[in-house]
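This report looks at ligand surroundings first. Helix packing and backbone details follow.

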Amino acid sequence: MTSFQTLDDLEPGQRLLVRIDVNAPVEDGVVQDDRRFARHAETVQELLADDHAIALLAHQGRPGRDTFVSLDQHAAILSDHLDRPVEFVADTCGEEALSAIDGLERGDVLLLENVRMCEGELPEEAPETKAETELVRTLSTEFDAYVSDAYATAHRSHASIVGFPLVMDAYAGRVMEQEYRANTAIRERAFDGPVTMILGGTKAEDTIPVVEQLADVVDHFCLGGIIGELFLRADGHDLGYDVDGTELFDHQWEAHSETITDALETHDTTVVLPTDLAYKDDGDRAETAVEGIEKQTSYLDIGSETIDRYTDRIADSEAVYVKGAVGVFEDERFANGTVGILSAIADTDCVSVVGGGDTAHSIELYDLDEDDFTRVSIAGGAYVRALTGASLAGIDALECDS
Ligand SMILES: Nc1ncnc2c1ncn2[C@@H]1O[C@H](COP(=O)(O)OP(=O)(O)O)[C@@H](O)[C@H]1O
Ligand SMILES: O=C(OP(=O)(O)O)[C@H](O)COP(=O)(O)O
């Protein structure tokens, strides 16, 4: 386990820069889920009780996506959770932000604008490079200490995650600490019976390495979502392309086709692929077999036969890990796969962990009971990376001698 300073080591009454992760599902510009807000509000409450002045740093979406929006509504949601005002400034490290930071007094909470709108936050680079960005150089001189609470982004070597700890006194917040300990503890568990992992969602870079790195622990990887389609394309099926204006497949295929093809060849008995898929036909859900598939359309869920195959495996498993939804569950017509799988897990008494900001949202959306799962992590990519035993850049950045 990595040693780092926590809030227990922090002197009261300081000016703090606190990185949280309130990246949320957004539909038509509106935040749909407050799970991460609730967790980070607990950290902020604890800091307020210790009389700190707090500026919060966070991101929402990725540039170019329609979930990439300002954080003004995030301030209002946080304010509800904290039951006190959260000021918002539509700037991250420019004059407007600095003026708002200057006015911060003990007991105040200020949320800065989406840090991914700031040059230098992206892309992933070495901590030393990130520490040289204008963002880090400007903000680090305004505060006494940095608190890193954004566990769900701890797998990204971004400026706001790895840059500040190099130049400031740094502490892990309670979410960072709790998620790190809980996910590390899960990794250390061993099981006698079959272990199944459901891999879906949209982010190939977080998901594909898991197949390689957990192949000796997981008996079956059941694939769905965009990840499933990329594997089906590698398996020679005519799908997994950007159609209808999507931008989810081709750039990921370009970046990962070799790794996917290798993983499929090496783990052909471990990787389980969908045999049917669902799509929209005249406004209704329709399904088609994968074998011989020809129709170039957006496939939005796994089909009924695949759901049955996957839920049979779940019923026989001693542990089930989920990362990413197997369909566009936000649309009820394409929720069968995600809800079917989560319900099947909830019906067993196997050890179960569900992760991911969007995937966890489906539990609430479809009235499933969180208590039916061993653990629901607010993190997706960071949690599966932790399962593999690989280090997290944001945790490494906090490391200090114990
Ligand atoms: N076939 C699909 N086409 C488009 N989007 C999909 C598909 N299957 C799943 N998704 C989307 O994947 C999202 C979750 O993916 P991701 O962000 O990678 O996971 P998480 O946030 O849970 O870690 C869901 O919002 C869902 O709509
Ligand atoms: O929601 C997040 O990750 P997740 O989808 O793996 O749960 C984090 O905010 C990281 O976002 P990113 O994957 O755009 O870097």
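In this predicted model, an oxygen atom of ligand 1 sits 2.4 Å from an N or O atom in the side chain of Glu330. Asp358 also reaches ligand 1 through its side chain: a polar atom there lies 2.8 Å from a ligand oxygen. Tyr299 uses its backbone instead, with a polar atom 2.9 Å from a nitrogen atom of ligand 1. The protein covers 89% of the 570 Å² of accessible area that ligand 1 has on its own.

Several elements contribute to this shell. Helix 9 (225-234), strand 14 (299-302) and helix 13 (357-365) each give two or more residues to the shell around ligand 1. In total, 21 residues surround ligand 1. The closest are Tyr299, Lys323, Glu330, Asp358 and Thr359. By class, the shell has 8 nonpolar, 8 polar and 5 charged residues.

Ligand 2 has its own set of neighbours. There are 15 residues around ligand 2, and the closest are Asp21, Arg62, Arg156, Lys203 and Gly381. This shell divides into 1 nonpolar, 7 polar and 7 charged residues. His59 and Lys203 approach oxygen atoms of ligand 2 with side-chain N or O atoms, at 3.0 Å and 2.6 Å respectively. Gly381 offers a polar backbone atom, 2.7 Å from an oxygen atom of ligand 2. Of the 390 Å² of accessible area that ligand 2 has on its own, the protein covers 96%.

The polar pairs for both ligands are set out here.

| Ligand atom | Protein partner | Distance |
|---|---|---|
| Ligand 1, oxygen | Glu330, side chain | 2.4 Å |
| Ligand 1, oxygen | Asp358, side chain | 2.8 Å |
| Ligand 1, nitrogen | Tyr299, backbone | 2.9 Å |
| Ligand 2, oxygen | Lys203, side chain | 2.6 Å |
| Ligand 2, oxygen | Gly381, backbone | 2.7 Å |
| Ligand 2, oxygen | His59, side chain | 3.0 Å |

Next, Asp331. This residue is in the loop between strand 15 (319-323) and helix 12 (336-347). The side chain of Asp331 makes a polar contact with the side chain of Arg333, at 2.6 Å. Asp331 and Leu300 are 31 residues apart in sequence, yet their C-alpha atoms are 9.3 Å apart in space.

Now the helix packing. Two packed helices are described by the angle between their axes and the distance between the axes. For helix 1 (residues 35-49) and helix 2 (residues 72-82), the axes come within 9 Å and cross at roughly 60°. The crossing is right-handed. Helix 1 makes the contact through Phe37, Ala38, Ala41, Val44 and Gln45. Helix 2 answers with His74, Ile77, Leu78, His81 and Leu82. That contact has 7 nonpolar, 3 polar and no charged residues.

Two backbone features remain. Most residues other than glycine have a negative phi, and most peptide bonds are trans. Where are the exceptions? Asp28 has a phi near 50°, a positive value in a residue other than glycine. Asp28 lies in the loop between strand 2 (26-27) and strand 3 (30-31). The peptide bond joining Leu122 and Pro123 is cis, with omega about -5°. Pro123 belongs to the loop between strand 6 (109-112) and helix 4 (127-131).

Notes. Residues are numbered from 1 along each chain as its sequence is written. Chains are lettered from A and ligands numbered from 1 in the order in which they are written. This is a predicted model: local features need pLDDT of at least 70, side-chain atom pairs count only at pLDDT 80 or more; totals for chains, interfaces and linings use all residues. Side-chain values use heavy atoms; hydrogens and water are left out. Axes are lines fitted to C-alpha atoms, for helices over the stretch in contact, and angles run from 0 to 180 degrees between N-to-C directions. Helices (H or I, at least four residues) and strands (E, at least two) are DSSP runs, numbered from the N terminus. A crossing is left-handed if the near helix is turned anticlockwise from the far one by less than a right angle, and right-handed if clockwise. Contact means heavy atoms within 4.5 Å. Ala, Val, Leu, Ile, Met, Phe, Trp, Tyr, Cys and Pro count as nonpolar, Asp, Glu, Lys and Arg as charged, and the others, Gly among them, as polar. A residue is near a molecule or strand if one of its heavy atoms lies within 4 Å of it. A polar contact is a pair of N or O atoms within 3.5 Å; within protein, one must be able to donate a hydrogen and the other to accept it, and residues adjacent in sequence count only if both atoms are side-chain atoms. Accessible areas come from the Shrake-Rupley method with a 1.4 Å probe; for residues, only the protein chains shown count as cover.
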